[in-house]
Protein chains: 4
Amino acid sequence: MANSKYEYVKSFEVEDKLMPSTWIVLRIDGRHFHQFSDKHEFKKPNDERALKLMNACAEAMFEEFPDLVFSYGVSDEYSFVFKKTTEFYNRRSSKIVSITVSFFTSVYVMKWKDFFPDKDLKSIPSFDARTVCYPSTKIVRDYLAWRQVDCHINNQYNTCFWKLIESGKTKSEAQDRLKGTQTQDKNEILFQLGVNYSDLPAIFRKGSCVFKDKVEEIVKYNENGQPVKRSRNKVITDHCDIIGDEFWKEHASILKDE
Amino acid sequence: MANSKYEYVKSFEVEDKLMPSTWIVLRIDGRHFHQFSDKHEFKKPNDERALKLMNACAEAMFEEFPDLVFSYGVSDEYSFVFKKTTEFYNRRSSKIVSITVSFFTSVYVMKWKDFFPDKDLKSIPSFDARTVCYPSTKIVRDYLAWRQVDCHINNQYNTCFWKLIESGKTKSEAQDRLKGTQTQDKNEILFQLGVNYSDLPAIFRKGSCVFKDKVEEIVKYNENGQPVKRSRNKVITDHCDIIGDEFWKEHASILKDE
Amino acid sequence: MANSKYEYVKSFEVEDKLMPSTWIVLRIDGRHFHQFSDKHEFKKPNDERALKLMNACAEAMFEEFPDLVFSYGVSDEYSFVFKKTTEFYNRRSSKIVSITVSFFTSVYVMKWKDFFPDKDLKSIPSFDARTVCYPSTKIVRDYLAWRQVDCHINNQYNTCFWKLIESGKTKSEAQDRLKGTQTQDKNEILFQLGVNYSDLPAIFRKGSCVFKDKVEEIVKYNENGQPVKRSRNKVITDHCDIIGDEFWKEHASILKDE
Amino acid sequence: MANSKYEYVKSFEVEDKLMPSTWIVLRIDGRHFHQFSDKHEFKKPNDERALKLMNACAEAMFEEFPDLVFSYGVSDEYSFVFKKTTEFYNRRSSKIVSITVSFFTSVYVMKWKDFFPDKDLKSIPSFDARTVCYPSTKIVRDYLAWRQVDCHINNQYNTCFWKLIESGKTKSEAQDRLKGTQTQDKNEILFQLGVNYSDLPAIFRKGSCVFKDKVEEIVKYNENGQPVKRSRNKVITDHCDIIGDEFWKEHASILKDE
């Protein structure tokens, strides 16, 4: 019973190779996470444990997929940048999208108890994902800036909103109060409610960056008692500004053009 | 801090809508499952618990995604057929691929302990996935036949191989013995080793079909003691032949053209 | 001086194979033909010579590309249907689009003088083209019906418009008169202006169909003086209804499913 | 008779937008030009009139399509580079491919008699075309170098071949003589046949570049008899080296990154 008679069905498969020499950005987003966070009583406006679980998933991605160079996460989304020259699964988009989102999801479920030891999973978490290619470093940086600006806008709004609720407002009163307000107005509201926005934890204000960086480590001491160092790639999690130039100057190797 | 300055990065997103009025087939495949099954000591050539876990994932898919009409699984792969007219995520391929494989993976990890109560997960399971569109019912059926023929070919080979190992052969001796053999030869080998191939469990020989079907159920008894029936869609798991016409005649509504 | 150093640039080429087993429809449209027809003083609302030149191009297409089965033209556009199983240029969309539109254009320029012996080409005619795939015969027929309905709507409007102009109205008066009118109203207007719409030439009302059909031809007379017939494929140009079933029943082989 | 019932067929059209911020290269190739050149008795190995007709078509392209920045032609092919930021037809590939190849073909037929006043067109010339995107200036330059190296390799081979034929060899003797030869060997053969390769016209050895460049022109003389100059974009045809850096340094504005 040879199978050749039916093999023609393979001819319907479509090639979906991403353009060579471009930065592949993968974005993973929680599906129906509004419900999911309600069901698991995530803290509002930010649940630190939930964010740290997302970061742990991102870190696991860096251990698994060596061509990742940078990632940025906020709320229930995470963006991963593959190096420009990656030949990961021959740059086939479906392969990249499916394998990474599947791996990320697996880690999310497996590590759940590490972050929520007191809570069982009450529904099935899932994520969507997509790839986008960017032809230049400048545009990748603009992409990442776009996500971090979004983080700021949403976090400032949500912080205000939940502080207003805490102060006794109803949801619709809080929405009305915030309608049409600018950054400055929101800072003012927060100030009146006793919050200095810049004192909030950086993980809430800036989101999370997970990336690989060269670090010098002392591997042993020689006979003279002097440290012997070796430089190695280490996965780092940080909550810093990635809109300005400073971070990128200090970590020039991350988006280097090769 | 409006975000409009960076929003241009969205213009790099690519539309990946699948052709309307075609059958969307999604295939999910275990990634590195050779290693994964070794690490978790899956029985050779077939591990019934592992197969039933896959089936449980497929059944959960049918509960979650109402536009699925049929699925077929064998070994560490599962193919799902969406109805021709589905507008699931607007037929965007990345969305469909990522959400389904993520959901499938989540269920796989969450239900692991139901099927392997004595084993912990020792590595992170992940799957890849892709979509293929087929313009006609005939070609979808050929696709499914292709997978079931593959199941047969692989299972017959593997059954022989592991029976030869069991009988004391080394792996390379078993390979040599099977080189160039046809279906008939393999049945002969099995017979000599005391195995009647057709007596093997259908789940090994035929793979698994999960699909929705109309069933009549007794919902209550009326005052005269007579049963009141209602027809409802029920998710069914079976291990039947899907190459011939019989199954499709009996379940004509599954691939009906609308 | 080997060329291998630069050959990597080929890896940026993108596969654009159209789905197998679907009907490929190619639509060619005049580019800037409003200006082009003004410059060459095409008659309004229809220039029979211009239409016949388009038809001659379509006929030449059928001589050149054997996998064409049907085409429909109206005004400065022409739609061509390739048979479902065509392997023309391996179904690569750019190849199909470019070669056909280039050939069509070449014929348009070369045959110009046959249809406009009294006019020189005063500007450079060009066309755009695209491919669309349809998975079923029903949808191809709906596509063709869509174009013929469009022909009817436009032709009825334009006939009214130019008759009103002829009767002394200005362009804006004619537009105002027609605003919001239905088919019935336009027939009424035409009737008042002495035109019975159904008496207009079919080429204006129905557009043009060019297709291949089997015809019986007398190839010689045998010794008894009796005709010896042979059936052969002949390219036919007609102006018939392709919305209803009649034409398709009479020419069942054109869109047969194979 | 509204047309909405059939308009759903438009939903089968596929978006084919090319990636923003990349260089779009369009390549046009003669279809069946081997036959075409035989039929019209083009001179071997190069027909200067045929090449100049191709160049005239390229020049017309620059007059018609303002976003072209450079083009390179050899034999019956021509590559056109659109500027990186072009929004020509919204970067839709089919539109770009079809409109340009149609225009090119139109010019080819219309100008034929200017270059071959003594020859009628005996068959219908046609061209294929495709687009490829390149994310960086370096890769566009490598693309162009690839074409010019190809020009050199082919021209050197063909020049040898036809000189050997001229000297009395048969076609297969000439092929045998050239089998396995390197650049140096071919120069030697040419030398023995009395040809100094570098004395051949540059149009044969280097191909043709058509591009826009800023030139200073005297537009009038003022009352003092002194020339008044204005800088304007002029379409230039040249036959220069585009592999090395010199040309690109001298014309830095052509591929500037903006």
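1. Aromatic pairs. Over all chains, a search of the whole structure finds 120 aromatic pairs. Rings of Phe, Tyr and Trp (its six-membered ring) pair if their centres lie within 6.5 Å; planes under 30 degrees apart count as stacked, over 60 as edge-to-face and the rest as tilted. One example is B:Phe70 with B:Phe211: the ring centres are 5.7 Å apart and the planes stand at 25°, so this pair is stacked. B:Phe70 sits in strand β2 (residues 68-74) of chain B and B:Phe211 in strand β5 (residues 208-221) of chain B, so the pair ties together parts that are 141 residues apart in sequence. Helices (H or I, at least four residues) and strands (E, at least two) are DSSP runs, numbered from the N terminus.

2. Basis of the model. This is a predicted model: local features need pLDDT of at least 70, side-chain atom pairs count only at pLDDT 80 or more, and totals for chains, interfaces and linings use all residues. Residues are numbered from 1 along each chain as its sequence is written, chains are lettered from A and ligands numbered from 1 in the order in which they are written, and side-chain values use heavy atoms, with hydrogens and water left out.

3. Salt bridges. The structure holds 72 over all chains. The term means a side-chain nitrogen of Lys or Arg within 4 Å of a carboxyl oxygen of Asp or Glu. B:Lys138 and B:Asp142 form one, at 2.6 Å from N to O. Both lie in helix α4 (residues 137-166) of chain B; they are four residues apart, which means a separation of about one helical turn.

4. Chain A with chain B: extent. Here 54 residues of chain A are in contact (heavy atoms within 4.5 Å) with 54 residues of chain B. The two chains bury about 4,700 Å² between them, 63% of it on carbon and sulfur atoms. Buried area is the accessible area (1.4 Å probe) that two parts lose on being put together, summed over both.

5. Chain A with chain B: polar links. Four salt bridges cross between these chains. One of them joins B:Lys95 to A:Asp128, with the closest N and O atoms 2.6 Å apart. The rule also finds 18 residue pairs in polar contact across this interface (both at pLDDT 80 or more). A polar contact is a pair of N or O atoms within 3.5 Å; within protein, one must be able to donate a hydrogen and the other to accept it, and residues adjacent in sequence count only if both atoms are side-chain atoms.

6. Chain A with chain B: who contributes. On the chain A side, the elements giving two or more residues are α3 (93-115), β4 (127-134) and α4 (137-166). The largest share, 13 residues, comes from α3(A). By class, this side has 31 nonpolar, eleven polar and twelve charged residues. Ala, Val, Leu, Ile, Met, Phe, Trp, Tyr, Cys and Pro count as nonpolar, Asp, Glu, Lys and Arg as charged, and the others, Gly among them, as polar.

7. Chain A with chain C. Seven residues from chain A meet seven residues from chain C. The buried area is about 590 Å², with 59% from carbon and sulfur atoms. A:Phe12, A:Glu15 and A:Pro20 lose the most area on the chain A side, together 66% of what that side buries. That side has three nonpolar, two polar and two charged residues. Salt bridges between these chains: zero. Residue pairs in polar contact (both at pLDDT 80 or more): zero.

8. Annotated site. UniProt (unreviewed entry) lists A:Asp29, A:Gly30, A:Arg31, A:His32, A:Phe33, A:His34, A:Ser75 and A:Asp76 for "binding site". They span 48 residues in sequence, yet no two of their C-alpha atoms are more than 12.7 Å apart, so they gather at one spot. A:His32 is in the loop between β1 (23-30) and α1 (33-39) of chain A. UniProt positions are given in the numbering used here, feature names are shortened, and annotations may be inferred rather than shown by experiment.
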